[in-house]
Amino acid sequence: MLDADRPREACGVFGVWAPGEQVANLVFYGLYALQHRGQESAGMAVADGSSVLVYKDMGLVSQVFDEPTLATLQGHLAIGHTRYSTTGGSRWENAQPAFKTNTAGGGIALAHNGNLTNTAALAEALGWHGEATSDTDLVAELLAREADLSLEEAIARTMPRLEGAWSLVLMDERTLYGVRDPHGVRPLCIGRLPGGWVIASETAALDIVGASFVREVEPGEVVVVDERGLRSRRFATATPHLCVFEHVYLARADSRLAGHSVHQVRRALGAALAAEAPAEADLVIPVPDTAMSAAGGYAEASGIPYGEGLMKNRYVGRTFIQPTQTMRQLGIRLKLNPLREAIAGRRLVVVDDSIVRGNTTKSIVGMLREAGASQVHVRITSPPVRWPCFYGIDMPTRSELIASDLLTDEVAAYIGADSLGYLSLEAMAAAAGGSGLCTACFTGDYPIPVDTHLQGKALLEGLGNRP
């Protein structure tokens with residue numbers, strides 16, 4: 001699978017309440033802006049005041065929806081989702097939005113970004129044996145069983161039972177809801193349209209539909225949108241731990257998180273990296289696209305010219321290939337190809353956001369050397385990734401993380417680099433705002449307790465057995 005060496009994206013969610021607008025089209029464009037967060041499946045639910053219609057399928061947003069399909073999705077509110085699976089397999093049954101009908105006959109549609117850590121305990125308490133294996137389906141089931149309550153009250157009653165990370169958009173026939181877990185691990189923001197409201201994972205999705213940013217949904221908050229406008233209520237005290245990887249890698253550079261421009265944060269990461277891990281070189285190049293801002297910051301701070309050295313094929317998408325080393329190498333070349341004229345005979349600083357297993361970085365270094373680079377100095381805008389994520393990024397088990405039991409020089413030797421430098425935890429946190437961040441994948445300090453056996457990611461098994 002292409003990019004098997006990188007952190008997997010979190011999902012993207014988008015919701016809109018806008019009577020008189022083509023809400024399905026707005027959701028389509030919003031999901032298109034969030035495509036980077038998940039490429040396995042896409043879907044949306046639309047309501048017209050009396051019923052909820054759900055359409056979803058496997059594939060990219062542009063593959064799932066076309067104009068005739070969108071024309072059938074009529075209503076005044078809608079939610080959408082683009083998915084990468086973190087809990088539950090990659091199959092149609094787990095595509096979102098999830099839909100349930102409660103015993104009173106009402107419809108509930110739900111889209112989720114994040115990952116619950118107490119899914120097994122909740123399912124056991126319910127005696128629930130649904131066909132789908134996703135935590136999203138379980139949350140929808142919990143809400144559907146509260147048929148004696150309005151959906152707003154069901155949300156307020158259900159959310160305190162959940163543990164882990166969740167940014168949700170939900171709807172019934174008349175009302176749109178947005179919810180964020182008390183730690184605010186995954187982002188969620190609110191935008192204003194001339195005749196309505198938008199709730200989305202990132203501000204870039206607001207921009208594409210012409211919505212003006214209002215504010216972020218606060219950790220532990222439920223926001224409600226209907227004909228009375230926007231209102232909110234709190235179900236838990238906020239204890240912010242925004243995933244720092246949103247700044248480093250996941251979010252689009254043109255988004256804003258916690259009041260900070262992602263582009264400017266990444267430039268600051270690159271500048272800090274130039275100070276902490278300098279190199280004598282002729283050219284600074286990024287691994288496109290997420291490291292481009294950081295490479296610019298490194299170049300400016302170091303005085304080394306910035307240039308392009310790797311061209312990215314942006315039309316590849318997620319490519320599934322045979323699990324042989326030869327085909328993995330081909331898969332990387334499908335996406336990245338070196339600019340020989342730009343790098344031949346040059347000493348390179350190659351800026352990237354992370355190293356997970358190390359295989360992709362090793363292949364990139366090899367390609368650059370084959371293209372004539374005289375030296376390759378790899379610089380990473382985050383600390384070594386040593387611990388798996390349980391909150392919505394599908395990182396490997398600890399035994400598969402190359403930095404979990406190898407020193408920096410040993411990782412450098414494995415990937416074939418002349419030198420390797422990581423950014424310190426302190427510098428990364430400072431660039432990303434300084435506090436209220438989850439850094440568990442770097443430190444092992446998990447802000448939300450996890451049962452690693454139930455989550456399927458043992459923390460200690462297999463260390464010292466790296467191939």
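In the predicted model, strand β12 (residues 221-226) and strand β13 run antiparallel and are joined by six bridges. Within this pair, valine 223 of β12 has serine 232 in β13 as its bridge partner. Both strands belong to an open sheet of six strands, arranged in the order β5-β6-β7-β8-β12-β13 with antiparallel pairing. The edges of this sheet are formed by β5 and β13 (229-234), each of which pairs on one side only. From one strand to the next, the twist averages 20 degrees.

Helix α5 packs on this six-stranded sheet, where it touches β5, β6 and β7. The direction of α5 makes about 135 degrees with that of β6. The helix spans residues 135-144 and is mostly covered, with 10 of its 10 residues buried. Among the buried residues are Leu138, Val139, Leu142 and Leu143, and the list also includes Asp135, Asp137 and Glu141. These buried residues pack against β5 (98-101), β6 (107-116) and β7 (164-171), and also against the helices α4 (119-126) and α6 (151-158).

A second open sheet contains seven strands in the order β3-β2-β4-β1-β10-β9-β11, again with antiparallel pairing. Its edge strands are β3 (52-58) and β11 (212-216), each pairing on one side only. The twist in this sheet averages 15 degrees from one strand to the next. Strands β1 (residues 12-17) and β4 (residues 77-83) pair in the antiparallel sense over six bridges. Tryptophan 17 stands opposite leucine 77 in β4.

Strands are also paired in the parallel sense. Strand β17 (residues 283-286) runs parallel to strand β20 (residues 347-352), and four bridges join the two. Isoleucine 285 has valine 350 in β20 as its bridge partner. Leu283 and Ile285 point one way from β17, Val284 and Pro286 point the other way, and all of them are buried. In general, strands of a sheet pair through backbone hydrogen bonds, in either a parallel or an antiparallel arrangement.

Helix α1 (residues 23-33) is mostly covered, with eight of its 11 residues buried. The buried residues are Val23, Ala24, Leu26, Val27, Phe28, Gly30, Leu31 and Ala33. Tyr29 and Tyr32, together with Ile208, make a nonpolar surface patch of about 320 Å². Isoleucine 208 lies in helix α7 (residues 203-208). Isoleucine 208 counts as partly exposed because its relative accessible area of 42% falls between the 20% and 50% cut-offs.

Several loops contain backbone geometry of note. Most peptide bonds are trans, and most residues other than glycine have a negative phi. A cis peptide bond joins glutamine 96 and proline 97, with omega at about 10 degrees. Proline 97 is found in the loop between β4 and β5. The peptide bond from proline 288 to aspartate 289 is likewise cis, with omega near 5 degrees. Aspartate 289 is found in the loop between β17 and α10 (292-302). Alanine 258 has a positive phi of about 50 degrees, although it is not a glycine. This alanine lies in the loop between β15 (256-257) and β16 (260-261). Alanine 258 is partly exposed, with a relative accessible area of 44%.

Key: Residues are numbered from 1 along each chain as its sequence is written. This is a predicted model: local features need pLDDT of at least 70, side-chain atom pairs count only at pLDDT 80 or more; totals for chains, interfaces and linings use all residues. Side-chain values use heavy atoms; hydrogens and water are left out. Patches are made of residues with over 30% relative accessible area and no salt bridge: like charges are joined within 9 Å, nonpolar side chains (Val, Leu, Ile, Met, Phe, Trp, Tyr) within 5 Å. Accessible areas come from the Shrake-Rupley method with a 1.4 Å probe; for residues, only the protein chains shown count as cover. A salt bridge is a side-chain nitrogen of Lys or Arg within 4 Å of a carboxyl oxygen of Asp or Glu. Buried means under 20% relative accessible area, exposed over 50%, partly exposed in between (1.4 Å probe, protein chains only). Two strands pair if DSSP finds at least two bridges between them. Axes are lines fitted to C-alpha atoms, for helices over the stretch in contact, and angles run from 0 to 180 degrees between N-to-C directions. Contact means heavy atoms within 4.5 Å.
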